[in-house]
Structure formats: structure tokens, C-alpha cells
Amino acid sequence: MLKTDLPIYLASKSPRRKKLLKQLGINFKVFSVDVDEKIFDGEHPIATVKRLANHKFEEALKRKQDGIIITADTIVVLNKKIIGKPKDEKDAFRILKLLSGKTHTVYTGFIVCNVLNNKKIVDYEKTEVTFRKISDDEIKEYISTKSPMDKAGAYGIQDDFGAVFIKKINGCYYNVVGLPLAKVYQALLRVL
């Protein structure tokens with residue numbers, strides 16, 4: 001288990017990341033950072049998630065300089081095209097229709113940095129997710145819950161109806177939720 005007296009900060013708006021980090025049994029504080037999560041055409045997904053996690057880190061660093069900062073960003077990629085969070089309900093429908101019956105890849109880039117000793121880990125995780133064929137009615141019903149609206153790929157694998165769209169996953173489940181726990185835990189140990 002991780003033992004440290006250093007304050008640990010999760011710079012994220014995601015309630016899912018907060019819930020996941022709690023599983024590690026560590027004390028941490030949460031605050032949100034507002035950054036433009038711009039996606040660039042032609043940028044590799046790994047470069048994108050690392051860049052966005054770093055952008056969040058730079059903003060977080062303006063507010064906290066006394067411990068360990070964790071930031072992360074998650075995207076969904078289908079046929080080499082990055083799919084972010086839906087803009088509105090119509091976009092959520094379009095995204096879920098695209099993912100139906102296909103395999104996509106979820107990437108999460110993250111940073112764990114001890115700002116006191118300047119040890120910084122920048123890493124990512126990648127997981128393949130296969131959707132079963134989903135009906136228009138299922139998609140509309142799911143969108144009516146508003147759950148897809150704050151999630152990359154317009155679905156959640158945990159805690160809601162989005163889980164029933166998934167036929168199988170290949171890789172880290174927690175990555176699909178939004179934070180690859182094993183890698184983040186190892187990074188925490190390395191920055192102490």
C-alpha cells in the first residue's frame with residue numbers, strides 16, 4: 001500500500017476518476033481545472049491524451065505546489081478518428097450509432113507528478129472495447145438519462161445502462177472508466 005504524508009491532488013471534474021482513486025485507499029483532495037480539450041486532426045491518439053493530460057497538469061500546477069498532482073484525459077477512437085464527449089443529444093446519438101456493432105479503442109493519458117522533487121510520470125493506457133449491435137430505441141432511451149453527455153464516446157461502462165452495450169473488452173477495465181488504476185498506482189510509488 002502507498003504510504004506518504006505528502007498531499008495528493010486529483011485535478012479532475014470526473015466523479016468516476018474520484019471513485020476509482022478512492023479504491024487505492026489513499027487520502028487525496030479533488031479540484032477541477034478548466035482547459036480547452038481541443039482535438040487536432042491527424043494527431044495520434046497517444047499524443048492527444050498525453051497533451052491534454054499535460055495541459056490539465058499545467059493548469060493544476062498554478063494552484064498546487066506542495067505535493068503530488070494527478071491529471072488524466074480519456075478519448076475514444078474508431079477507425080483512426082478521435083471521438084470526444086458529445087456536443088448535444090443529437091451528437092450522442094450519432095456517436096453511439098457509429099460505435100454499434102464495432103470495436104473501438106479507449107485511450108487514457110495521465111500525469112503523476114511530485115512537484116516537490118520534480119519526479120513526473122507521463123503515461124497512457126489503451127483498451128479495446130467491442131459493442132454489440134444496439135437499437136435506435138436503446139440509444140434514445142440511454143440518451144434520455146443524460147448519462148452519455150459528459151463521457152468520451154457518449155457511454156459509461158460502469159454504473160449505468162451503457163454497460164449493456166458492451167460485448168467484450170480487451171485490456172484494462174479501469175482505463176475505460178477513466179483512470180488505469182494499476183499504472184497510476186505504480187506511477188505514485190515511483191514519484192515518492
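Here's a quick briefing on one helix pair, a handful of salt bridges and two strand residues. The model is predicted, so local features are taken up with a pLDDT cut-off of at least 70. Helices α3 and α4 cross at roughly 140°, the salt-bridge count comes to 15, and F131 and T105 are both looked at for burial and contacts.

**The α3/α4 crossing**

- Helix α3 covers residues 89-99 and helix α4 covers residues 136-144; their axes come within 10 Å.
- The two axes cross at roughly 140°, which makes α3 oblique to α4. The cut-off matters here, because an angle has to be over 145 degrees to count as roughly antiparallel.
- As for handedness, the crossing of α3 and α4 is right-handed.
- On the α3 side, the contact is made by E89, A92, F93, L96 and K97. On the α4 side, D136, I139, K140, Y142 and I143 do the job.
- Sorted by class, the contact of α3 with α4 has six nonpolar residues and four charged ones, with no polar residues in the mix.

**Salt bridges**

- The total is 15 salt bridges, and three of the pairs are picked out below.
- E37 pairs up with K85, with the closest N and O atoms 3.9 Å apart. This one links distant parts of the chain, as the partners are 48 residues apart.
- E37 sits in the loop between β2 (29-31) and α2 (45-61), while K85 sits in the loop between β4 (81-83) and α3.
- Both ends of that pair fall in the middle band: E37 is partly exposed at 32% relative accessibility, and K85 is partly exposed at 45%.
- K87 forms a salt bridge with D91, and here too the closest N and O atoms are 3.9 Å apart. K87 counts as exposed because its relative accessibility is 73%, whereas D91 counts as buried at 9%.
- D150 bridges to K151, with the closest N and O atoms 3.3 Å apart. D150 has 35% relative accessibility, so D150 counts as partly exposed; K151 has 9%, so K151 counts as buried.
- The D150 and K151 pair belongs to a network: salt bridges that share partners join R16, D150, K151 and D160.

**F131 in β6**

- F131 lies in strand β6, which runs over residues 119-131.
- With 1% relative accessibility, F131 counts as buried, since the cut-off for buried is under 20%.
- Setting aside neighbours within four places in sequence, F131 is in contact with L96, L99, S100, G101, K102, H104, Y155, F165, I166 and K167. One of these, L96, is also among the α3 residues that make the contact with α4.
- The C-alpha atoms of F131 and V164 are separated by 8.8 Å, and the two residues are 33 apart along the chain.

**T105 in β5**

- T105 lies in strand β5, residues 103-114.
- T105 is buried as well, with a relative accessible area of 14%.
- Not counting residues up to four places away in sequence, T105 touches I75, V76 and V77, along with K126, T127 and E128. K126, T127 and E128 fall within the β6 range of residues 119-131.
- The C-alpha atoms of T105 and V176 are 9.0 Å apart, with their positions 71 residues apart along the chain.

Note on methods:
Residues numbered from 1 in each chain as written. Predicted model: local features only at pLDDT ≥ 70, side-chain atom pairs only at ≥ 80, totals over all residues. Heavy atoms only, no water. Axes fitted to C-alpha atoms, helices over the stretch in contact; angles between N-to-C directions. Helix = DSSP H or I, 4+ residues; strand = E, 2+ residues; numbered from the N terminus. Parallel < 35°, antiparallel > 145°, perpendicular 65-115°, else oblique. Left-handed = near helix turned anticlockwise from the far one by under 90°. Contact = heavy atoms within 4.5 Å. Nonpolar A, V, L, I, M, F, W, Y, C, P; charged D, E, K, R; others polar. Salt bridge = Lys/Arg side-chain N within 4 Å of Asp/Glu carboxyl O. Buried < 20%, exposed > 50% of the residue type's maximum accessible area, 1.4 Å probe, protein only.
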